[in-house]
Amino acid sequence: MKGYLLIICLFMFGIISHTYANLEYKGYKRVQGCYGECYEEYVRVHGNVVEIEMAKREAALEDPYSSIRGLWAGCAACHGQSGQGVGVFPALAGQDAEYIIDRLTTYKNRGQVGPMSSTMWAQAGMLSEQDIETIGKFIEETL
Ligand code: HEC
């Protein structure tokens, strides 16, 4: 009988934790009928969810450019790892955010800057406005 209740309890817990996995603490009211082991388990797992969320947030705080690091690897293939420029590919290091944002927006709209602008059209085309802003700041502040 006890095992049977535990199974029901775990099942309910599964539904609740699934429903509320992405929310913080909102599930508390719903688990009033979940005592003992079930409740401990709920808190244990729920705590972990919050911990994971907090860890993610902390990582994002520590690295404000985490969202564009992957993208930058692509840019770096032409512009150099530290944006120093490689051969015909212009240096980006040392430019301010406004300049970079202006250029990328022009390329995104298929505008001409230099003789090789078409190379940048596809590159800028896949960037969101948010990406462009973040990349601009990234280049100004870190390169
Ligand atoms: C395939 C090589 C290549 C890749 C990948 C690439 N670029 Fe470029 N980039 C170029 C070339 C070539 C130019 C010069 C285009 C022109 O003549 O207008 C350029 C120009 C630029 C400029 C303008 C520089 C200036 O001073 O006018 C910026 C800003 C820029 N790229 C940013 C980026 C960013 C950010 C990425 C990654 C999302 C990226 N590029 C990826 C080749 C590349």
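Okay, let's start at the ligand: α3 gives the largest share of the shell around it, six residues. Before I go on, keep in mind that this is a predicted model.

So who else is around the ligand? There are 22 residues around it, and the ones that come nearest are Cys75, Cys78, Gly114, Met116 and Ser117. If you want to know which elements give two or more residues to that shell, they are α3, residues 69–79, α4, residues 97–108, and α5, residues 117–125. As for chemistry, the shell divides into 15 nonpolar residues, six polar and one charged.

Let me step back to the whole chain for a second. The secondary structure comes to six helices and zero strands, so if you read from the N terminus on, the elements go α-α-α-α-α-α. There are 143 residues in the protein chain, and 15% of them count as buried. And for those of you who like contact maps: take contacts between residues at least 6 apart in sequence, and 53% of them join residues at least 24 apart.

Now, two of those shell helices, α4 and α5. How do they pack? The angle is about 95°, and the axes are 7 Å apart. Angles from 65 to 115 degrees count as roughly perpendicular, and α4 and α5 are therefore roughly perpendicular to each other. By class, their contact has five nonpolar, three polar and one charged residues. On the α4 side you've got Leu104, Tyr107 and Lys108, and they meet Ser117, Met120, Trp121, Gln123, Ala124 and Gly125 in α5. Ser117 should sound familiar, by the way, since Ser117 was also among the residues that come nearest to the ligand.

Between those two helices there's a loop, and Arginine 110 is found in it. What's odd about the backbone there? Arginine 110 has a positive phi of about 60° although it is not a glycine. In terms of burial, arginine 110 is partly exposed, because 13 other C-beta atoms lie within 10 Å.

There's another loop to point at, the one between α3 and α4, where you'll find valine 88. Buried or exposed, valine 88? Exposed, because valine 88 has 10 C-beta neighbours inside 10 Å, and the cut-off for exposed is 12 or fewer. Valine 88 is 10 residues along the chain from cysteine 78, with 8.9 Å separating the two C-alpha atoms. And Cys78, remember, is one of the residues that come nearest to the ligand.

Last stop is helix α6, residues 129–142. That's 14 residues, and from first C-alpha to last α6 reaches 20 Å, close to the 20 Å expected at 1.5 Å a residue. Which residues of α6 are buried? Those are Ile132, Thr134, Ile135, Gly136, Phe138 and Ile139. If you're looking at the spacing in that list, here's the usual picture: an α-helix has 3.6 residues a turn, so residues three or four places apart point the same way. And what do the buried residues of α6 pack against? α3 and α4, and both of those helices give residues to the ligand shell.

One more from α6, and that's glutamate 129. Glutamate 129 is exposed, because just 11 other C-beta atoms are within 10 Å. Its C-alpha lies 9.5 Å from that of lysine 108, and the two are 21 residues apart in sequence. Lys108 is the α4 residue we already met in the contact with α5.

Okay, that's my tour, over to you.

Notes: Residues numbered from 1 in each chain as written. Predicted model: local features only at pLDDT ≥ 70, side-chain atom pairs only at ≥ 80, totals over all residues. Near = placed C-beta within 6 Å. Helix = DSSP H or I, 4+ residues; strand = E, 2+ residues; numbered from the N terminus. Nonpolar A, V, L, I, M, F, W, Y, C, P; charged D, E, K, R; others polar. Expected span 1.5 Å × (residues − 1). Buried ≥ 20, exposed ≤ 12 C-beta atoms within 10 Å, placed from the backbone. Contact = placed C-beta atoms within 7 Å. Axes fitted to C-alpha atoms, helices over the stretch in contact; angles between N-to-C directions. Parallel < 35°, antiparallel > 145°, perpendicular 65-115°, else oblique.
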